[in-house]
Amino acid sequence: MAVTGCTQCIKYMLFFFNFIFWLAGGVILGVALWLRHDSQTSSLLVLQFEGHQAPGTFYISVYILIAVGAVMMLVGFLGCYGAIQESQCLLGTFFFFLVILFACEVAAAIWGFMNRDTISKELINFYDSAYIKAVDVSGTPSKDSAIAVLHAFHTTLDCCGKGDDTVLFQQVVSALCPQKSPEDLLKPQSCHDKLIELFSEKLYLIGLAALVVAVIMIFEMIFTMVLCCGIRNSPVY
């Protein structure tokens with residue numbers, strides 16, 4: 001009876017954690033969709049200049065997050081059903097998916113850590129390439145499109161220039177930053193700093209969500225193994 005009572009206790013604890021896991025999957029899916037359609041990032045990453053699209057490395061992490069959230073909801077439902085039914089087959093399948101999901105999350109975390117500065121650097125380089133053409137006094141064919149790209153950056157990020165602006169930039173600053181007052185132009189906010197700040201905040205949010213999910217998965221794997229052992233040792237089965 002003691003073994004059976006312990007098994008029942010673990011079953012409900014596993015069901016509770018699976019329900020939290022399912023809810024967390026829904027939250028992560030919602031956050032990922034918000035990041036995908038966020039007005040700031042979307043308006044920057046759709047820009048094109050000289051036939052090149054703005055770097056979309058950031059969307060790789062977002063798509064991974066969308067996939068993780070969807071799989072979490074599916075696996076969480078499977079775990080809840082397996083715990084209630086006390087099915088070793090379902091719990092074993094659930095544990096297998098948990099291990100795969102955990103391994104994918106660790107791999108994604110390593111990739112994200114190694115590329116944490118890549119996203120902002122790529123967009124800074126994209127901004128700088130348009131910046132050079134926009135301040136070119138020779139009047140290159142792509143100057144108008146370069147000005148349009150800079151205007152989009154300045155409007156979206158509420159910034160102006162890259163912090164170490166040349167005399168040439170100061171001559172066209174009123175056209176590139178039309179929403180800025182003369183007082184604001186005396187101390188403009190660097191678009192380089194704004195880009196780093198923007199994507200650092202979003203990557204921090206992604207990392208925090210991944211950490212919470214990893215902790216929940218560790219507890220679920222432990223409870224799943226304990227419940228399977230309890231079911232196997234229970235005289236009822």
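This passage walks through the fold of a predicted chain, one helix pair and two buried residues. Because the model is predicted, local features need pLDDT of at least 70 and side-chain atom pairs count only at pLDDT 80 or more, while totals for chains, interfaces and linings use all residues. Residues are numbered from 1 along each chain as its sequence is written, and side-chain values use heavy atoms, with hydrogens and water left out.

Overall, the chain has 9 helices and 2 strands (DSSP runs numbered from the N terminus: H or I of at least four residues for helices, E of at least two for strands). Along the sequence they come in the order α-α-β-β-α-α-α-α-α-α-α. Of the 237 residues, 39% are buried (under 20% relative accessible area with a 1.4 Å probe, protein chains only; exposed is over 50%, and partly exposed lies in between). The exposed surface of the chain comes to about 12600 Å², 69% of it from carbon and sulfur atoms (Shrake-Rupley method, 1.4 Å probe; for residues, only the protein chains shown count as cover). As for contacts (heavy atoms within 4.5 Å), 78% of those between residues at least 6 apart in sequence join residues at least 24 apart.

On to the helix pair. The axes of α3 (residues 57-85) and α4 (residues 88-114) come within 10 Å and cross at roughly 160° (lines fitted to C-alpha atoms, for helices over the stretch in contact, with angles from 0 to 180 degrees between N-to-C directions). The two helices are therefore roughly antiparallel (over 145 degrees; under 35 is roughly parallel, 65 to 115 roughly perpendicular and the rest oblique). Among the residues that meet across the pair are I60, I64 and V71 from α3, with L91, F94 and W111 from α4.

Helix α5 (residues 118-134) behaves as expected: its 17 residues should span 24 Å at 1.5 Å a residue, and the end C-alpha atoms are 24 Å apart (the expected span being 1.5 Å times one less than the number of residues). Its buried residues include S120, L123 and I124.

Those three turn up again around L195, which touches S120, L123 and I124 as well as L44, F153 and L157, leaving aside residues up to four places away in sequence. L195 sits in helix α9 (residues 191-233) and counts as buried at 0% relative accessibility. T41, in helix α2 (residues 39-45), is likewise buried, with a relative accessible area of 0%. L195 and T41 are 154 residues apart in sequence, yet their C-alpha atoms are 9.8 Å apart. With residues up to four places away left out, T41 touches L35, F58, Y59, L198, F199 and K202.
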